[in-house]
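Biologist: I would like a close look at one part of this protein, with the surrounding picture filled in as far as it can be. The sequence and the structure are placed here for reference.

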Amino acid sequence: MLQSILPINQTQKSNSYRYSRISNSIINSFIKNRNLIALKILFYLSSLEYHNKENELQTVNIDISSLTKFCNINSQTLGINIKSMQKTVLSFPKRNGEERNISLILYCSYIGGTTIQIKLFTKVLELVLDVTRNFTLIDLKNFMFLHSKHSIVMFRLLVDIDDSRANALKRKQYSLAELNELFCTNYNRIKDLERRILLPVQEELNNRSRFTFIYSFTFQSRKGKGRPSISSVIIDLEFN
């Protein structure tokens, strides 16, 4: 089995890995399982430049200090999550209709206490790296400082709003059902979702991200007497 050794060039510009395109389905899977640190490591891995992609296996040597600083974690947390990622299996269909399962990280070892060597299948890179419009552009510099899975979901949403509305009002409207789907929740009332999701997320983004938001409600009149009910939430992108 062929492999390509790709040490990190420590002199490369910091912006070279600032942006990364990641499969939305993989993002959702990690968020749903609350494995946010592993998701951040995945973002870091996916932002690196790989060559010789015709080879089945890729190997990369990463400076531990750079990785932990980038992911805003310590070395112990890194080790725990690398082990978790080795146990994570990705499934994808083959051309003949069969399903193939492969580990997210095939192998890792520590070199001299300062470097971690990670081996992963090129197929994994194909699942997490893409430049098509089906993938979301993530601003990693801001993302790494977020702690809540709901903040990460909202951050992705705000990036999408920013990208899709370059010359228009940066706003999007969501029903309760759509918000429940986005945040993997099951609230019966928008006010409950506001209290438990929107307000805490807004506070974290205000403190930790260049993207934040304000929101407002639309109302639907009830038949007969009574106050109008909230029918949807309007999310407006703001910048810190």
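Does Cys108 count as buried or exposed, and at what relative accessibility? Please take that residue as the starting point, and then go on to the interior and the aromatic rings.

Modeller: Bearing in mind that this is a predicted model, Cys108 has a relative accessibility of 19%, and because buried means under 20% relative accessible area, Cys108 counts as buried. Cys71 also counts as buried, at a relative accessibility of 1%, and the structure as a whole holds zero disulfides. His150, which belongs to helix α7, spanning residues 149-164, is another buried residue, with a relative accessibility of 17%. When neighbours within four places in sequence are set aside, the contacts of His150 are Phe183, Thr185, Ile197 and Val201.

As background to these residues, the protein chain is built with nine helices and eleven strands, and 47% of its 240 residues count as buried. Of the contacts between residues at least 6 apart in sequence, 63% join residues at least 24 apart. The accessible surface of the protein chain is about 13,500 Å², and carbon and sulfur atoms account for 47% of that surface.

Turning to the interior, the largest nonpolar core has 59 residues, and those with the most contacts inside it are Ile62, Ile82, Ile118, Met154, Leu158, Phe213 and Ile235. Ile235 can be followed further: with residues up to four places away in sequence not counted, Ile235 touches, among others, Met154, Leu158 and Phe213, and its partners also include Lys170, Arg171 and Lys172.

Phe213 leads on to the aromatic rings, for which a search of the whole structure finds five pairs. In one of them, the ring centres of Phe213 and Tyr215 are 6.2 Å apart and the planes stand at 35°, so the pair is tilted. Both Phe213 and Tyr215 are buried, and Tyr215, like Phe213, is among the residues that Ile235 touches. Elsewhere in the sequence, Phe155, Phe211 and Phe239 are linked by ring pairs into a cluster.

Phe211 has a charged partner as well, since the charged end of Arg210 sits over the ring of Phe211, 4.2 Å from its centre. A second arrangement of this kind involves Tyr107, where the charged end of Lys119 sits over the ring, 4.9 Å from its centre.

Note on methods: Residues numbered from 1 in each chain as written. Predicted model: local features only at pLDDT ≥ 70, side-chain atom pairs only at ≥ 80, totals over all residues. Heavy atoms only, no water. Helix = DSSP H or I, 4+ residues; strand = E, 2+ residues; numbered from the N terminus. Buried < 20%, exposed > 50% of the residue type's maximum accessible area, 1.4 Å probe, protein only. Contact = heavy atoms within 4.5 Å. Areas by Shrake-Rupley, 256 points an atom, 1.4 Å probe, with all protein chains shown as cover. Disulfide = S-S within 2.5 Å. Core = buried A, V, L, I, M, F, W, Y, C linked by side-chain atoms within 4.5 Å. Phe/Tyr/Trp six-rings, centres within 6.5 Å; stacked < 30°, edge-to-face > 60°. Lys NZ or Arg CZ within 6 Å of the ring centre and 35° of its normal.
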